[in-house]
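Please load the model in your viewer and keep a selection panel open beside it. The tour below moves from one selection to the next and says what is there.

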Amino acid sequence: MTAWADHLLVAPIVVPMMAGAAMVLAGNARPSLLAGLGLVSTVLLLVLSATLLVLADAPEVRIYRLGNWPASFGIVLALDRLSAIMVALTSVLGFAAFVFSLARWHRAGTHFHPLFQFQLMGLNGAFLTGDLFNLFVFFEVMLAASYGMTLHGSGVARVRAGLHYIVINLLASLLFLIGVSVVYGIAGTLNMADLAARMQAVAAEDRALLEAGLAVLGIAFLVKAAAWPLGFWLQGTYAAASAPAAAALSILSKVGIYAVLRVWLLLFGTGAGASAGFGTLPLTLIGLLTIAFGSVAVLASQNLARLAGASVLISSGTLLAAIGMNRAAVTGGALLYLMGSVLAIGALFLLVELVERGRDIGADVLAVTREAFGAGEDEEDGEPGERDAVGVPIPATVATLGGSFLACALLIAGLPPLSGFLAKFAILAPLFTPGGGLPSALAWVVMAALILSGLATAIAMMRTGIDAFWASPAGTPQRVSVLEFMPVALLLTLCVALTVAAGPALDYATAAANALYAPADYLRPVLKAAEAAR
Amino acid sequence: MELVVALAIGILAGSGVWLLLRPRTFQVIIGLALLSYAVNLFIFSTGGLRTGADAILRQGAAGTLADFADPVPQALVLTAIVIGFATTALLLVVLLAARGLTGTDHVDGREREQ
């Protein structure tokens with residue numbers, strides 16, 4: 001491959017960085033210039049990530065040495081199918097949230113556009129890097145931008161939730177640093193591939209300490225992924241954030257999942273000697289507990305934004321439980337689930353704001369609760385004639401929003417015919433294959449958890465849907481501009497496309513998972529680059 | 001030397017955790033600062049601790065790799081300090097905003113009912 005194609009690897013980091021820097025220089029005086037720059041950057045990212053998806057579909061992992069330093073001294077970026085999938089999801093979600101914000105949210109505060117670009121840069125960097133400490137740096141870039149994004153639009157609720165979010169993430173970053181420095185102290189390298197190659201040779205007396213260091217690192221990842229009991233911050237923060245910020249934040253929790261997937265499978269794969277398979281059972285148990293907590297949270301949510309936050313929890317839990325099963329085919333299904341759930345939850349976060357617009361404050365409090373507090377009674381008395389009229393026309397916007405909400409509900413709850421169902425099926429089917437011996441008790445528990453969480457989501461979505469669209473419709477129909485509805489439609493169309501093309505998508509995801517379970521293809525190019533330097 | 005550094009890290013981390021669990025935002029931010037000092041010292045110590053070692057070379061003697069302190073933890077700690085400093089400054093601004101908006105310095109933005 002030509003040198004030109006090799007440089008494509010760093011482009012998803014450089015493009016938003018340059019765009020963000022240009023935006024800072026341009027200042028806030030000309031919003032149309034900022035919007036234009038952002039549009040160029042996000043469209044470019046879409047094209048780049050599509051190219052990378054094609055490039056990554058090869059047996060060998062592509063590496064890019066930053067500053068052309070040999071791999072043992074410098075930092076490498078590595079592109080495999082998993083990274084390509086994550087970068088593509090980031091680009092799609094970034095594009096959708098960006099277009100959505102152009103309607104009105106980008107004027108709600110200063111520096112929305114540069115922060116958004118820096119967040120994309122941090123996300124792409126975290127997905128592409130092949131170095132543990134560089135992962136920390138990109139985590140911080142992404143988080144620093146997300147702090148600003150959470151607070152975008154200001155207001156008491158955002159500042160209050162943002163304060164908790166920042167403190168918890170700073171603490172998680174400190175845990176990350178402790179983990180990284182223990183790993184460096186024992187293994188003497190931070191390059192992930194080099195580290196994986198050295199796992200076998202770690203002395204027996206050091207192994208426990210190394211595992212402890214990686215476990216601390218894992219806790220930092222799990223805080224990001226909002227696993228139970230480390231994820232209580234998520235719902236409040238996501239519910240308080242503005243819609244485009246929340247949609248962009250929803251992929252942040254997947255960064256934690258990605259990091260667990262990458263580091264665990266690389267370091268504790270079959271080549272890890274005595275450490276092989278370390279921590280997979282706890283991972284499944286944490287995943288199951290997260291699903292349980294998320295299911296309760298989804299049922300207890302009294303407004304749409306918190307409901308969307310709770311479905312992020314369920315999605316994190318499902319992924320962790322599937323990863324902990326430690327089977328390549330299951331992980332392949334989990335990756336398909338990840339694609340669908342990122343798109344669907346992103347769409348839901350955007351939709352929430354459109355649906356809630358024009359409704360009274362407190363309208364989304366459950367009917368039961370309303371009755372208990374006696375708040376809704378006077379409403380019942382007034383004008384029964386108008387309320388009971390047969391054939392109340394449903395405005396077109398409400399119908400469109402309702403249809404999109406229905407699609408989101410089917411996707412997130414994992415009901416047929418959309419991709420959520422196929423993905424859950426792809427996770428569960430390999431656990432019960434006839435060739436794999438008798439399914440373990442854990443497999444049955446995972447199946448029960450996945451199906452019950454789907455049921456809980458379906459109940460909660462149905463209840464809130466009825467309440468939002470039928471029981472207490474807005475006094476005046478919401479005014480939704482095409483610009484705001486288009487991103488939602490784009491995300492949902494992609495979900496439908498993922499359903500139709502589930503076969504190729506699952507093949508790609510399974511190939512990604514197989515490569516993760518046979519990391520030789522990941523190690524060879526990186527180590528070859530290191531050898532060449534000696 | 002090891003004992004002194006270990007004690008320093010332990011005391012800083014202990015005080016940091018205690019302050020972090022306090023209800024006032026200022027205590028939380030100081031707790032985070034102390035914890036990050038502890039972590040920075042910890043990173044620094046993973047490169048190995050030596051007393052009275054040469055900076056880089058001794059005059060007149062040929063340098064070997066064994067004489068160097070490991071530069072990687074130093075680079076890591078420098079990055080960690082810079083990032084920690086920036087994020088703490090950001091948190092300080094949010095803290096002030098929260099104080100201004102909610103009128104209290106409780107971490108939840110409201111005083112606990114007695």
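Which residues does A:Phe139 touch, not counting residues up to four places away in sequence? Select A:Phe139 together with A:Ala126, A:Phe176, A:Phe221, A:Lys224, A:Val255 and A:Ala259, for these are the residues that A:Phe139 touches outside that sequence window, where contact means heavy atoms within 4.5 Å.

Before going further, note that this is a predicted model, in which local features need pLDDT of at least 70 and side-chain atom pairs count only at pLDDT 80 or more, while totals for chains, interfaces and linings use all residues. Residues are numbered from 1 along each chain as its sequence is written, chains are lettered from A and ligands numbered from 1 in the order in which they are written, and side-chain values use heavy atoms, with hydrogens and water left out.

**Aromatic rings and the core**

Keep A:Phe139 selected and add A:Phe133, A:Phe136, A:Phe176 and A:Phe221, since ring pairs link these five residues into a cluster; rings of Phe, Tyr and Trp (its six-membered ring) pair if their centres lie within 6.5 Å, and planes under 30 degrees apart count as stacked, over 60 as edge-to-face and the rest as tilted. A:Phe139, A:Phe176 and A:Phe221 are also among the residues with the most contacts inside the largest nonpolar core, which has 198 residues. Such a core is a set of buried Ala, Val, Leu, Ile, Met, Phe, Trp, Tyr and Cys residues joined through side-chain atoms within 4.5 Å, and buried means under 20% relative accessible area, exposed over 50% and partly exposed in between, with a 1.4 Å probe and protein chains only. Helix 15 of chain A provides the largest share of this core, 19 residues; helices (H or I, at least four residues) and strands (E, at least two) are DSSP runs, numbered from the N terminus.

Over all chains, 16 aromatic pairs are found. One of them joins A:Phe232 and A:Phe293, whose ring centres are 5.1 Å apart and whose planes stand at 85°, so the pair is edge-to-face. A:Phe232 sits in the loop between helix 9 (204–225) and helix 10 (233–240) and A:Phe293 in helix 13 (residues 280–300), all of chain A, so the pair ties together parts that are 61 residues apart in sequence. A:Phe232 counts as exposed at 52% relative accessibility, whereas A:Phe293, at 25%, counts as partly exposed.

**A buried aspartate**

Next, select A:Asp194 in helix 8 (residues 192–198) of chain A, which is buried with a relative accessible area of 13%. A:Asp194 touches A:Thr189 and A:Leu527, leaving out residues up to four places away in sequence. A:Asp131 is 63 residues from A:Asp194 in sequence and 9.4 Å from A:Asp194 in space, C-alpha to C-alpha.

**The largest cavity**

Finally, select A:Val61, A:Asp80, A:Arg81, A:Ala515 and A:Leu516, which of the 16 lining residues are the closest to the centre of the largest cavity. The volume of this cavity is about 120 Å³. On a 1 Å grid over the protein atoms alone, a cavity is a set of points where a 1.4 Å probe fits but cannot get out, and lining residues have an atom within 4 Å of a point. Helix 23 of chain A gives the largest share of the lining, three residues.

Terms used: On a 1 Å grid over the protein atoms alone, a cavity is a set of points where a 1.4 Å probe fits but cannot get out, and a pocket is an open set with protein on both sides within 12 Å along at least five of seven lines; lining residues have an atom within 4 Å of a point. Grid points are joined across faces, edges and corners, and a volume is the space filled by probe spheres set on the points.
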